[in-house]
There are 2 protein chains.
Amino acid sequence: MAKAEVSLAHLFRVFTKPEGTDSKLAQIEQHLSDNVSDFLSQHVVTQAIPLEEIEKTFSDHRVPEHPEFVSAHADALLNKLVKHSVNTYSPTFIGHMTSALPYFHLPLAKLLVGLNQNLVKIETSKAFTPLERQVLGMMHQLVYQRDGDFYDAYLHSANHSLGAFCSGGTIANMTALWVARNTMLKADGVFKGVAREGLASALRHYGYGNLGILSSKRGHYSLSKAVDLLGIGREQMLTIDCPTQRLSPERALKLAKEYEANGNKLLAIVGIAGTTETGHIDPLDELADVAQEVGCHFHVDAAWGGATLFSEKHRSLLNGIERADSLTLDAHKQMYVPMGAGMVLFKDPNSSNAVRHHAQYILREGSKDLGATTLEGSRNGMAMMVYASLHIFGREGYELLIDMSIEKAKAFAKMIDDHPQFELITSPTLSLLTYRLRPAFLANHPLLKHADVNALLDQLTVAVQKQQREAGKSFVSRTRLHTSTYHNDPITVFRVVLANPLTTEEDLQDILNEQLDIAQNLDIWKALLVQDKASA
Amino acid sequence: MAKAEVSLAHLFRVFTKPEGTDSKLAQIEQHLSDNVSDFLSQHVVTQAIPLEEIEKTFSDHRVPEHPEFVSAHADALLNKLVKHSVNTYSPTFIGHMTSALPYFHLPLAKLLVGLNQNLVKIETSKAFTPLERQVLGMMHQLVYQRDGDFYDAYLHSANHSLGAFCSGGTIANMTALWVARNTMLKADGVFKGVAREGLASALRHYGYGNLGILSSKRGHYSLSKAVDLLGIGREQMLTIDCPTQRLSPERALKLAKEYEANGNKLLAIVGIAGTTETGHIDPLDELADVAQEVGCHFHVDAAWGGATLFSEKHRSLLNGIERADSLTLDAHKQMYVPMGAGMVLFKDPNSSNAVRHHAQYILREGSKDLGATTLEGSRNGMAMMVYASLHIFGREGYELLIDMSIEKAKAFAKMIDDHPQFELITSPTLSLLTYRLRPAFLANHPLLKHADVNALLDQLTVAVQKQQREAGKSFVSRTRLHTSTYHNDPITVFRVVLANPLTTEEDLQDILNEQLDIAQNLDIWKALLVQDKASA
C-alpha cells in the first residue's frame with residue numbers, strides 16, 4: 001500500500017486541493033454521475049460471499065499508523081467495501097424499504113458535505129434552520145391541513161415547533177412518546193413534572209400503577225425500545241393480536257379499559273399507517289375515538305405510509321391521521337431521500353415544549369435554535385434533501401410514484417394469486433405484500449392446515465429466501481406472521497416492498513421463477529410432494 | 001419558475017439520468033470539486049441579513065403542487081439557501097466545533113448516497129456492517145488498548161459489541177447511560193429487570209430512592225436531556241461547581257456519599273474529556289477511583305477530546321480514560337468527518353446486551369444486525385467516512401492535526417495575554433480557550449472585581465460578539481463561565497475553538513483587532529472609560 005508523506009504540506013493538500021480529474025476517486029465520482037446503476041452493477045458483486053469472508057478484510061483492530069494516498073484508499077474502498085455492498089438500486093432488490101434514489105441526490109450530497117452545517121443551532125446553520133422549519137410546516141400541512149394563519153403564527157415561532165427532523169423513524173417514535181409522557185405527567189401543584197422529578201415520583205404523584213402504550217402486534221420494534229428507554233418498561237407495551245393485520249378499535253378500547261381498571265394509566269395508543277411487515281393501515285379515525293374516550297395521546301407511526309397523503313386517489317386510506325397528536329414520517333422511505341431523514345410532527349405547536357431544554361452557550365431562551373426541542377443534538381442538513389425533493393417532484397410527482405407502486409403491488413399480488421405454486425398471504429393495501437411457496441396440490445387441501453405441513457412450508461420459505469439472497473440476483477425478505485387463514489398460528493412468509501420505480505412486472509415474474517427453481521431442488525419440496533402421494 | 005412535466009417519462013429520467021454536464025447542478029458540483037472554499041466564499045454572503053428576512057423566503061407552508069426542473073431548483077438553492085448558510089470552512093469561523101473538512105469527503109458523500117446502505121441490518125448493508133465493527137474496534141483499541149486475542153474474539157461477534165455508531169454525542173451519551181441504567185437495575189430473582197418492568201418497579205425492588213448522575217457543571221446539556229428521557233429526572237443530575245473548569249474528585253466522592261446516605265443510588269459519574277465550553281479535561285483516573293469506590297458506572301464524554309489520543313505528545317492528558325465503562329466520541333469534531341458521526345464505546349463487549357432487542361423480520365437472534373443494540377434504527381453508512389479518514393490521515397496525520405491545533409491555541413492565548421485590552425479567562429488544555437475584552441486600565445485594578453463593572457463587561461462581550469457575527473467576516477461564540485478569579489461568579493466570555501487547520505495566527509490577530517474596533521465604538525466601552533476617570 002502506497003504510504004503518503006506525513007507532513008503539514010500533505011495535510012494542507014488534503015484539506016484544500018482535490019487530486020486531479022484523472023485520480024481514482026474522481027473516476028469513481030464521474031462514473032456515479034454518469035450512471036449510478038451502471039456503477040453499482042459493475043462494482044457490486046452478485047455472487048454469494050460468506051459474511052465471514054468479508055469480515056476477514058475488516059479485521060485489523062489497529063488504527064493505521066501512516067497516512068495513505070487518497071487514490072490508493074479509493075481502490076481499497078472499491079475492492080473491499082463497494083464490491084460487497086448491497087445494490088439497493090437494483091430493481092430486483094425488493095425485500096426492504098431502501099430503494100433507488102433520484103440522481104439529483106448525488107450532487108446534493110456533495111453540497112451538503114461542502115456546507116457541513118450543524119442544525120442544532122442557528123449559529124452553525126443559519127438559512128438551514130428556517131428551511132428545516134419550512135419543510136416541517138409543509139409536511140404538517142399535508143397531514144393536518146391547517147390554514148395560512150396557523151402557519152404564519154407557528155412556522156418560525158421561537159417558542160413553538162411543528163415537529164423535528166431526526167435520523168429516522170425510531171428517534172421520531174421515541175421523541176413522540178417522550179413528549180407524550182412529559183405532557184401527561186406534567187407539573188401539578190407541588191409536583192414539578194416527570195422531566196424534573198423522574199418517572200417513579202410522577203407515578204406516585206398521579207397515583208398510577210404503571211404507564212402503558214398500546215398498539216397492534218405489527219407495531220415497529222422501536223416502540224418497545226422506546227418504552228424501555230423511557231423507563232416505562234417493555235411489559236407495559238400492550239400489543240394486540242391482529243390476524244387481519246389491522247388493530248381492532250373494539251379490542252383496543254377493551255384492553256385500555258381493563259388496563260386502567262387495574263390502576264394503570266394508558267399513555268398512548270399507536271396507530272400504524274403502513275406496517276413494516278405488510279403495509280396495512282390501522283383504522284386511524286376509530287383509534288382516535290378510542291384515544292379520546294380513554295383520554296390518552298394518539299400517535300401515528302406513518303414512517304412508511306405517510307407519503308400516501310400525496311396521492312389524491314389513496315390518501316383516504318389514512319383518514320383520521322389528522323387527529324394524531326403526533327406523527328412519525330420517514331422521508332428516506334417513500335419520499336426517495338437518502339438514508340437519515342426521519343421526522344416527528346406534532347398537531348399542537350406547544351407539544352414539544354414538554355421536552356424543551358436550554359444551555360448557556362447555545363439554545364438560549366428565546367433563540368430559534370432547533371436543538372432546544374430535539375432528542376438529538378448536532379445534526380446535519382438532511383432537510384435540504386427533503387426540501388429539494390418536494391420541489392423537484394412536487395405533490396403531483398410523488399402522487400405518480402405512490403400510485404404506480406400500489407398498482408404494481410396489486411399486479412404482483414394477482415400474479416401470485418394466479419400462480420398454482422404460490423400462495424398470497426397478505427394483499428397489498430400500500431406497496432407491500434407477503435406470500436409463500438405452496439405446492440399446487442396443497443391449494444384448498446385440508447393438509448395445508450396441518451401444523452407439520454406448515455412447519456415444512458416455513459422451512460421452505462427460509463431456505464429459498466436464503467439461497468435467493470446468496471445468489472445475489474434478487475432479494476426478497478421474510479418474516480413471521482399470524483393470519484386468520486391459519487388460525488392465527490405463525491407462518492413464515494416472503495415479504496416484498498415495491499417502492500423502486502424501476503422494477504418491472506417482468507422483474508417480478510423472474511423473481512417468482514427463480515424462487516420456484518430454487519424450491520424444486522430442495523429436499524423440503526420433495527418431502528412435501530411425498531405428502532401429496534400419501535394423501536392421494 | 002419553470003415547471004417540469006408531470007409524466008412517468010420525467011420521473012424515470014429523474015431516477016436514471018443526470019442532466020448534462022453543463023447543467024446548473026453539475027456546475028455547482030464542479031465548483032465544489034475544484035475548490036470548495038472558493039465556492040463558499042463566492043456564494044455565501046457575509047453581510048448581516050436579519051434572520052426574519054431569511055425566514056420570509058422559507059415561509060410557504062404548502063407542498064409545491066407541480067414538479068420543477070432540477071436546474072431551476074439548483075438556482076433556488078444557491079440563491080436562497082447556500083447564500084445564507086454559514087461558511088464553516090472559513091479560517092475565521094472559530095466559534096464552534098464545526099470546521100473545514102478534507103476534500104475527499106465530497107466525493108465520498110456521493111458514494112455514500114449512491115450506495116444508500118442501511119446499517120440497521122446486514123441485509124441492507126453487507127460489507128458496511130463489518131466495516132463499522134472494524135472502525136469501532138479501532139477506536140476501542142485506541143482507548144482501551146486490548147490485545148489481538150480480545151479483538152479476534154469480539155470484533156465480529158454476533159453476541160457482543162464494542163460500541164455503536166450514532167448521529168452524534170447526544171445519542172452516544174444517552175446510549176451509554178441507558179446501558180448503565182439497565183445494567184445496574186438488571187433482573188434479580190423474581191424481578192425481571194428495568195428494561196421489562198420499568199424504572200419505578202426497579203427502584204422499589206432495589207430499594208433506591210432515586211438514581212443519580214454526577215458530573216461537573218461543565219457537562220454537556222445532553223446529560224440532563226438523557227436523565228429526563230430515561231425517566232430519572234433532571235433533579236437527579238448532580239452537578240458540581242468547578243471554578244477550575246475540572247471536576248474535583250474529592251467533591252465528587254463527598255457528594256456521591258451524601259447522595260447515597262439519603263437512600264439514593266449513584267448510577268454514573270461522567271468525566272469530561274474536553275468540555276464543550278473550555279476544552280478542559282476532568283481528572284479521569286481519579287474519577288475512575290471514585291466510581292470504583294462508590295460502585296457506579298464511569299462514563300467519559302470524550303466527544304471533543306477523544307481524538308487527542310492520536311497524539312503521542314498529548315494523549316497522557318486523558319490518562320484514566322481506559323478505565324471508562326463507556327465513552328462518547330464524535331468523529332465529526334476533531335476527526336474532520338462530516339456531521340453525523342458519533343460513537344459510543346464500551347469497555348466490556350457484553351455491556352450493550354443490556355439493551356439488546358429483536359424483531360421477527362430483522363435483528364433475529366444470532367444475527368449480526370447492528371440494529372439489535374443501537375438506540376437508533378435505520379442509519380446511513382457514515383462509518384465509511386471514519387474508515388476512510390483513519391486510513392488517509394493515519395494516526396500520524398491526526399497527531400499532526402491535533403498537535404497543531406493545541407499549539408495554535410497556546411499561541412492565541414499568549415497573544416491575548418500580551419494584549420493590554422484583552423483578558424484571557426481560561427487557558428487552552430486542548431484547542432479551546434475563552435477570553436474577554438477588558439479596557440487596559442482595569443488590568444490588576446480593584447474595580448475589575450466589582451459586580452457592576454463585570455456586568456458592563458458582560459454586556460460588552462455580548463454586543464461585540466453579536467456585531468462581529470453579523471458583520472460576517474469572522475465568528476467567535478460566547479458563553480457564561482464561573483471562574484475562581486471572579487469568586488465563582490458567572491462572567492460572559494468569548495469562546496474559540498481552534499480546529500480548522502487553515503486558520504493562521506494572522507487570522508487570529510485580525511479577529512482581535514476587529515473585536516477591539518467594534519468595542520471602541522460602543523457606548524458600553526465609553527461607560528467603562530468613565531469609570532477609569534472616576535477612579536483616577
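## Exercises on a predicted two-chain model

The domain assignment divides chain A into domain 1 (8-85), domain 2 (169-355) and domain 3 (398-535). The model is predicted. Chain A has an average pLDDT of 94, and 98% of its residues score at least 70. The scores of the model are ipTM 0.96 and pTM 0.96.

**Exercise 1.** State what separates the centres of domain 1 and domain 3 of chain A.

*Solution.* Take the centres over C-alpha atoms; the separation is 37 Å.

**Exercise 2.** Describe how chain B is laid on chain A, and name the relation.

*Solution.* Step 1: a turn of 180° with a shift of 0.0 Å along the axis lays chain B on chain A, with an RMSD of 0.0 Å. Step 2: this is therefore the relation of a two-fold axis. Step 3: 100% of the interface residues of chain B are also interface residues in chain A, so the copies meet through the same surface.

**Exercise 3.** Classify the packing of helix α2 (residues 24-34) of chain B against helix α3 (residues 36-43) of chain B, and describe the contact.

*Solution.* Step 1: two packed helices are described by the angle between their axes and the distance between the axes. Step 2: here the angle is about 125° and the axes are 5 Å apart. Step 3: that makes α2(B) oblique to α3(B), because 125° lies outside the ranges under 35, 65 to 115 and over 145 degrees. Step 4: α2(B) contributes B:Ile28, B:His31, B:Leu32 and B:Asp34, while α3(B) contributes B:Val36, B:Asp38, B:Phe39, B:Gln42 and B:His43. Step 5: four of the contact residues are nonpolar, three polar and two charged.

Technical notes:
Residues numbered from 1 in each chain as written. Chains lettered and ligands numbered in written order. Predicted model: local features only at pLDDT ≥ 70, side-chain atom pairs only at ≥ 80, totals over all residues. Heavy atoms only, no water. Least-squares fit on C-alpha atoms with pLDDT ≥ 70 in both. Contact = heavy atoms within 4.5 Å. Domains from an automatic or database assignment. Axes fitted to C-alpha atoms, helices over the stretch in contact; angles between N-to-C directions. Helix = DSSP H or I, 4+ residues; strand = E, 2+ residues; numbered from the N terminus. Nonpolar A, V, L, I, M, F, W, Y, C, P; charged D, E, K, R; others polar. pLDDT = per-residue confidence, 0-100.
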